[in-house]
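The following exercises concern the reading of a predicted model. Each task is followed by a solution in steps.

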Amino acid sequence: MYDSTRWPIDDTACVALLRWALPRLRMRWSGFRKVRRQVCKRIARRLRALGLPDVDAYRALLEADAAEWKHLDALCTIPISRFWRDRSVFDRLREEVLPALAERALASGAPAVRAWSAGCASGEEPYSLAILWRFDLAARFPALRLDVIATDVDERLLARARAGLYGTSSLKDLPPAWIDAAFTRRGPRHAIGNLLRAGIDFRRQDLREGMPEGPFHLVLCRNVAFTYFDEPLQREILARMAARIVPGGALVIGIHESLPPAEEDFVPWIPRAGIYLRATDQRPRAGRARRAAASGRRITAPPPPAPSPRDR
Ligand SMILES: C[S@@+](CC[C@H](N)C(=O)[O-])C[C@H]1O[C@@H](n2cnc3c(N)ncnc32)[C@H](O)[C@@H]1O
């Protein structure tokens with residue numbers, strides 16, 4: 001049986017296991033370095049549930065039983081999120097990006113700005129967008145809705161997202177006036193308002209296997225693919241995202257993340273906030289992206305394209 005005096009499992013042994021296993025799941029060790037304690041604790045619990053003595057025995061199980069990889073994969077998802085995470089990103093979305101995307105949507109005759117939150121955890125990110133739209137931008141763009149699709153691989157997190165109940169610590173970065181406007185108190189927790197839920201479609205989906213149909217004006221993929229996935233998988237995901245984002249639309253990644261080198265479909269828009277512009281088809285894009293990234297300057301969004309049936 002698992003030796004509880006060695007709980008949580010030995011860091012060196014767990015790191016060796018992760019270095020061996022993660023590439024087989026198309027993930028990379030460097031993304032897990034800082035969060036490994038959380039993952040190793042879960043692996044320790046799994047060892048205990050299986051009655052295995054140590055990490056070597058778990059590795060032997062993985063080598064013998066393909067089904068165990070699904071369990072390990074699930075142990076490697078990191079659910080950390082909060083409302084208005086990285087405030088500067090939401091400030092930029094509010095002041096520059098969403099107004100530009102709304103103008104673009106209006107110019108194309110679209111009834112809504114369409115957004116996708118990929119890896120939405122317990123709903124903090126898509127609800128933050130909905131709050132921002134409802135309490136700030138909706139008045140400026142009364143002819144438009146904000147429609148959000150929010151996906152995550154973890155059904156338990158999605159259930160929490162649909163329930164919409166949050167502790168005070170999840171809300172600490174949200175402007176206080178919006179906390180009062182967006183939530184009602186239920187004991188120690190805060191319940192998100194029904195109107196804010198209405199525009200969000202929560203779906204279970206593994207980013208490695210599928211994506212919602214576009215087109216989208218805005219995709220947020222923060223602290224998921226560009227931290228944890230290996231580079232070839234990141235490129236595949238980017239190509240599929242590029243096919244779903246309208247030219248002039250935006251991709252937002254985490255502020256500590258970067259896109260794979262020589263990426264051509266996206267150019268930096270507000271680099272410090274991890275905000276990229278879906279490039280138009282004018283080449284050469286890579287040179288432009290590299291120059292902008294090197295200088296740290298912003299690229300002005302191109303004028304809205306002519307209305308296209310895809311965008312309606
Ligand atoms: C660290 S959280 C980030 C949440 C939010 N995007 C943010 O930045 O606050 C990562 C989320 O991605 C989800 N995730 C991990 N792998 C995934 C995959 N292959 N497909 C979809 N979601 C995934 C996890 O379940 C988790 O909810």
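**Exercise 1.** Determine how residues 1-5 and 283-312 should be treated.

Solution. Step 1: pLDDT, the predictor's confidence in each residue on a scale from 0 to 100, stays under 50 over residues 1-5. The model has five contacts beyond four places in sequence for this stretch, a contact being two residues whose C-beta atoms, placed from the backbone, lie within 7 Å.

Step 2: Over residues 283-312 the pLDDT is also below 50, with 46 contacts beyond near neighbours in sequence.

Step 3: Where pLDDT is low, the predicted coordinates should not be read in detail.

Step 4: For the protein, the mean pLDDT is 89, and 87% of residues reach 70 or more.

Residues are numbered from 1 along each chain as its sequence is written. In this predicted model, local features need pLDDT of at least 70 and side-chain atom pairs count only at 80 or more, whereas totals for chains, interfaces and linings use all residues.

**Exercise 2.** Describe how helices α1 and α3 are arranged.

Solution. Step 1: The axes (lines fitted to C-alpha atoms over the stretch in contact, with angles from 0 to 180 degrees between N-to-C directions) of α1, residues 11-21, and α3, residues 36-50, come within 10 Å and cross at roughly 95°.

Step 2: Helix α1 is therefore roughly perpendicular to α3, the class for angles of 65 to 115 degrees.

Step 3: D11, C14, V15 and L18 of α1 meet R36, V39, C40 and I43 of α3.

Terms used: Helix = DSSP H or I, 4+ residues; strand = E, 2+ residues; numbered from the N terminus. Parallel < 35°, antiparallel > 145°, perpendicular 65-115°, else oblique.
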